[in-house]
Amino acid sequence: MFTGLVEKIGTVSSLEPLDTTSSGGGGTSLTITDCEEILTDVHLGDSIAVNGTCLTVTAFTPTSFKVGVAPETLRRTNLGSLTTNSPVNLERAVLGETRMGGHFVQGHVDTIAQILSVTPDSNALVFRMQPRDLGVMRYIVEKGYVTLDGASLTVTKVVDGAEGFFEVMLIAYTQEKIVTAKKKAGEWVNVEIDIVGKYVEKSVQGYFAGTGAGGDMKMLEKMVERIVEEKLRK
């Protein structure tokens, strides 16, 4: 588990589609350098989030580490588009005494989102994003959390619908600490939505699925009607 507070920006030294070494395992591997600060206590098998993707360390030196990248990960994330010298956000897994300054981040990317626009607002930057899988929009709420390339950020605006999007704002300090701040319109970021929303949805669905068409369903219908009425009044 991670906090979404990026510890270090590393640099991709290689992305091997077919790494036949013992540490590559015959699959895709990714090697990251310029990150000695987070490798002082590293061990084989440790988890490190690379652009928000939880990956397992298969080899390391004092200044670099290698991870394997599964086919599912390549399909879900932007890691396959990385090239030599690409900067990446890095965070080690949390310790028991770690301050939870961000939010609970699993490192399990749900989808990628395209940057629609980057707009200055005083010394901050407003990023407008549209997920490739618009189904995740139901979990994204204003003032809630979202993880972008491994960084825990607060959602400042949400617009649902067929052309739905959401926005986040990067303050000046954050702009210096994460790779996302340097990205432009048209580029892609990894997105992990807050896991709490998924658990709540599944629990509610499971509860009402077991109640049949009785009074509990009527209660749900009334709740939905009230929400719709409030939306229409706005």
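Trainee: Why is Asp34 called partly exposed?

Mentor: Asp34 has a relative accessible area of 43%. Buried means under 20% and exposed means over 50%. Asp34 sits in between at 43%, so the label is partly exposed. Keep in mind that this is a predicted model.

Trainee: Where is Asp34, and what is its phi?

Mentor: Asp34 is in the loop between β2 (27-33) and β3 (47-50). Its phi is positive, about 60°, although Asp34 is not a glycine.

Trainee: Which loop holds Lys143, and what is the phi of Lys143?

Mentor: That one is the loop between β8 (124-131) and β9 (145-148). Lys143 has a positive phi of about 70°, and Lys143 is not a glycine either.

Trainee: How do you know whether Lys143 is buried or exposed?

Mentor: Take the relative accessible area, which is 59% for Lys143. The cut-off for exposed is over 50%. Lys143 passes that cut-off, so Lys143 is exposed.

Trainee: Let me step back. How many helices and strands are in the protein chain?

Mentor: The chain has 4 helices and 12 strands. Its C-alpha atoms fill a box of roughly 60 × 45 × 35 Å along the principal axes. Of its 234 residues, 40% are buried.

Trainee: What does UniProt list for residues 1-103 and 104-204?

Mentor: The unreviewed UniProt entry lists both ranges under "domain: Lumazine-binding". The entry also gives these ranges under "repeat: Lumazine-binding". Over residues 104-204, the chain is 14% helix and 44% strand. The end C-alpha atoms of that range are 21 Å apart.

Trainee: Now the charges. What makes Arg75 and Glu72 a salt bridge?

Mentor: Their closest N and O atoms are 3.4 Å apart. A salt bridge needs a side-chain nitrogen of Lys or Arg within 4 Å of a carboxyl oxygen of Asp or Glu. The pair meets that limit, so it counts. Both residues lie in helix α1 (residues 71-76), 3 residues apart, about one turn of the helix.

Trainee: Which other residue, Arg76, forms what with Glu72?

Mentor: Arg76 forms a salt bridge with Glu72. The closest N and O atoms are 2.9 Å apart, and the limit is 4 Å. Arg76 and Glu72 are 4 residues apart in helix α1, about one helical turn.

Trainee: How do you know which of Arg75, Arg76 and Glu72 are exposed and which partly exposed?

Mentor: Set each value against the cut-offs. Arg75 is at 55%, and exposed means over 50%, so Arg75 is exposed. Arg76 is at 36%, and Glu72 is at 38%. Values between 20% and 50% count as partly exposed, so that label fits Arg76 and Glu72.

Trainee: What makes Glu201 and Arg138 a salt bridge?

Mentor: Their closest N and O atoms are 2.8 Å apart, and the limit is 4 Å, so the pair counts. Glu201 lies in helix α3 (residues 195-209) and Arg138 in the loop between β8 and β9, so the pair ties together parts that are 63 residues apart in sequence. Glu201 is partly exposed at 23%, whereas Arg138 is exposed at 53%.

Trainee: How many salt bridges does the structure hold?

Mentor: It holds 10 salt bridges. There is also a network of salt bridges linking Glu7, Asp41 and Arg92.

Trainee: What makes Glu221, Glu225, Glu229 and Glu230 a patch of negative charge?

Mentor: Asp and Glu count as negative, and the four named residues are Glu, so the charge of the patch is negative. They gather on the surface. Patch residues need over 30% relative accessible area. Glu229, in helix α4 (residues 215-233), is at 45%, so Glu229 clears that cut-off. At 45%, Glu229 also counts as partly exposed.

Trainee: Why is Val204 called partly exposed?

Mentor: Val204 has a relative accessible area of 37%, between 20% and 50%, so partly exposed is the label. Val204 is found in helix α3.

Trainee: What do Val196, Val200 and Val204 form on the surface?

Mentor: They form a nonpolar patch with about 230 Å² of accessible area together. Val counts among the nonpolar side chains, so the name fits.

How values were computed. Residues numbered from 1 in each chain as written. Predicted model: local features only at pLDDT ≥ 70, side-chain atom pairs only at ≥ 80, totals over all residues. Heavy atoms only, no water. Patch = residues over 30% accessible without salt bridge, like charges linked within 9 Å, V, L, I, M, F, W, Y side chains within 5 Å. Areas by Shrake-Rupley, 256 points an atom, 1.4 Å probe, with all protein chains shown as cover. Charge placed at Lys NZ, Arg CZ, Asp CG, Glu CD. Helix = DSSP H or I, 4+ residues; strand = E, 2+ residues; numbered from the N terminus. Buried < 20%, exposed > 50% of the residue type's maximum accessible area, 1.4 Å probe, protein only. UniProt positions renumbered as here; feature names shortened; annotations may be inferred.
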